[in-house]
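These notes are for a colleague opening this entry for the first time. Please read them with the sequence and the model side by side.

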Amino acid sequence: MDVTQAVSNVGASFASFSLVLSLPTILRVIFTALVCVIAVKVIGNVVGKVLGKSKLEGTLQGFLKTGLRVILYFVAGLVILSSLGVDVTSLIALLSVAGLAVSLALQNTLSNLAGGIQLLVTKPFVAGNYVEAGANSGTVHEVGLAYTTLVTPDNKVIYVPNSDIAAAR
């Protein structure tokens with residue numbers, strides 16, 4: 001399916017969509033929304049407790065919790081739209097094509113993010129260690145998701161992309 005087909009399918013889906021709001025429909029949507037919100041909160045709390053007991057960095061824990069919460073609320077939104085009678089398959093196809101376009105546009109940023117996750121999981125160094133990564137060297141001040149902050153011997157603060165550090169040998 002190419003982009004024009006996905007867009008035309010979504011357009012046709014919304015053009016043929018007629019919203020009939022009756023009392024049973026409204027109650028069904030409210031009930032579905034409440035169940036979805038409760039499920040998201042319960043799953044979020046369980047994952048938060050599991051991550052709290054793990055030995056992962058706090059930055060990575062926060063990233064994973066936020067990412068999971070976004071995905072769960074997105075799925076909950078699709079379930080609620082589906083309970084309204086909206087055909088969500090065309091919408092999912094359009095969003096997947098848009099996601100591919102965005103990921104290609106943000107390729108360097110995503111590689112920094114993947115490098116940051118790799119550094120936070122494997123912990124090759126921690127704050128306070130002196131490291132050399134390519135043309136950069138200094139004492140690690142902070143390891144973030146996208147960049148690592150180094151303090152050089154002459155007290156200059158530099159930000160090195162995590163993809164460069166993860167690729168350095």
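1. The helix pair α3 and α4. This is a predicted model, and the notes begin with two of its helices. Helix α3 covers residues 58-84 and helix α4 covers residues 88-105; their axes come within 10 Å and cross at roughly 150 degrees. Angles over 145 degrees count as roughly antiparallel, so α3 is roughly antiparallel to α4. On the α3 side the contact is made by Phe74, Leu78, Leu81 and Ser82. On the α4 side the residues are Val88, Leu91, Ile92 and Leu95.

2. Overall make-up. The protein has six helices and four strands. Read from the N terminus, the order of elements is α-α-α-α-α-β-β-β-β-α. Of the 169 residues, 24% are buried. The exposed area of the protein is about 10,900 Å², and 66% of that area is supplied by carbon and sulfur atoms. If one takes the contacts between residues at least 6 apart in sequence, 47% of them join residues at least 24 apart.

3. A nonpolar patch on the surface. Which residues make the nonpolar surface patch of about 740 Å²? They are Leu21, Ile26, Ile30, Leu34, Ile38, Val42, Val46 and Val50. One of them, Ile26, belongs to helix α2, which spans residues 23-53. Ile26 has a relative accessibility of 36%. Since buried means under 20% and exposed means over 50%, Ile26 therefore counts as partly exposed.

4. Lys123 and its backbone. Lys123 lies in the loop between α5 (107-122) and β1 (130-133). The phi angle of Lys123 is near 50 degrees, which is a positive value in a residue other than glycine. With a relative accessible area of 36%, Lys123 is partly exposed.

5. The loop between β3 and β4: Asn155. A positive phi also turns up in the loop between β3 (147-151) and β4 (157-161), where Asn155 is placed. Asn155 is not a glycine, yet its phi is positive, at about 60 degrees. Is Asn155 buried or exposed? Its relative accessible area is 65%, so Asn155 is exposed.

6. The loop between β3 and β4: Thr152. Thr152 is found in this loop as well, between β3 and β4. Thr152 is buried, because its relative accessible area is 13% and the cut-off for buried is under 20%. Leaving aside neighbours within four places in sequence, Thr152 is in contact with Ser137, Gly138 and Ile158. Thr152 and Asn136 are 16 residues apart in sequence, and their C-alpha atoms are 8.5 Å apart in space.

7. The salt bridge. How many salt bridges does the count come to? The count comes to one salt bridge. Asp154 forms a salt bridge with Lys156, and the closest N and O atoms of the two are 3.9 Å apart. The cut-off applied to such a pair is 4 Å. Lys156 has a relative accessibility of 52% and so counts as exposed, the cut-off for exposed being over 50%.

Methods:
Residues are numbered from 1 along each chain as its sequence is written. This is a predicted model: local features need pLDDT of at least 70, side-chain atom pairs count only at pLDDT 80 or more; totals for chains, interfaces and linings use all residues. Side-chain values use heavy atoms; hydrogens and water are left out. Patches are made of residues with over 30% relative accessible area and no salt bridge: like charges are joined within 9 Å, nonpolar side chains (Val, Leu, Ile, Met, Phe, Trp, Tyr) within 5 Å. Accessible areas come from the Shrake-Rupley method with a 1.4 Å probe; for residues, only the protein chains shown count as cover. A salt bridge is a side-chain nitrogen of Lys or Arg within 4 Å of a carboxyl oxygen of Asp or Glu. Helices (H or I, at least four residues) and strands (E, at least two) are DSSP runs, numbered from the N terminus. Buried means under 20% relative accessible area, exposed over 50%, partly exposed in between (1.4 Å probe, protein chains only). Contact means heavy atoms within 4.5 Å. Axes are lines fitted to C-alpha atoms, for helices over the stretch in contact, and angles run from 0 to 180 degrees between N-to-C directions. Angles under 35 degrees count as roughly parallel, over 145 as roughly antiparallel, 65 to 115 as roughly perpendicular and the rest as oblique.
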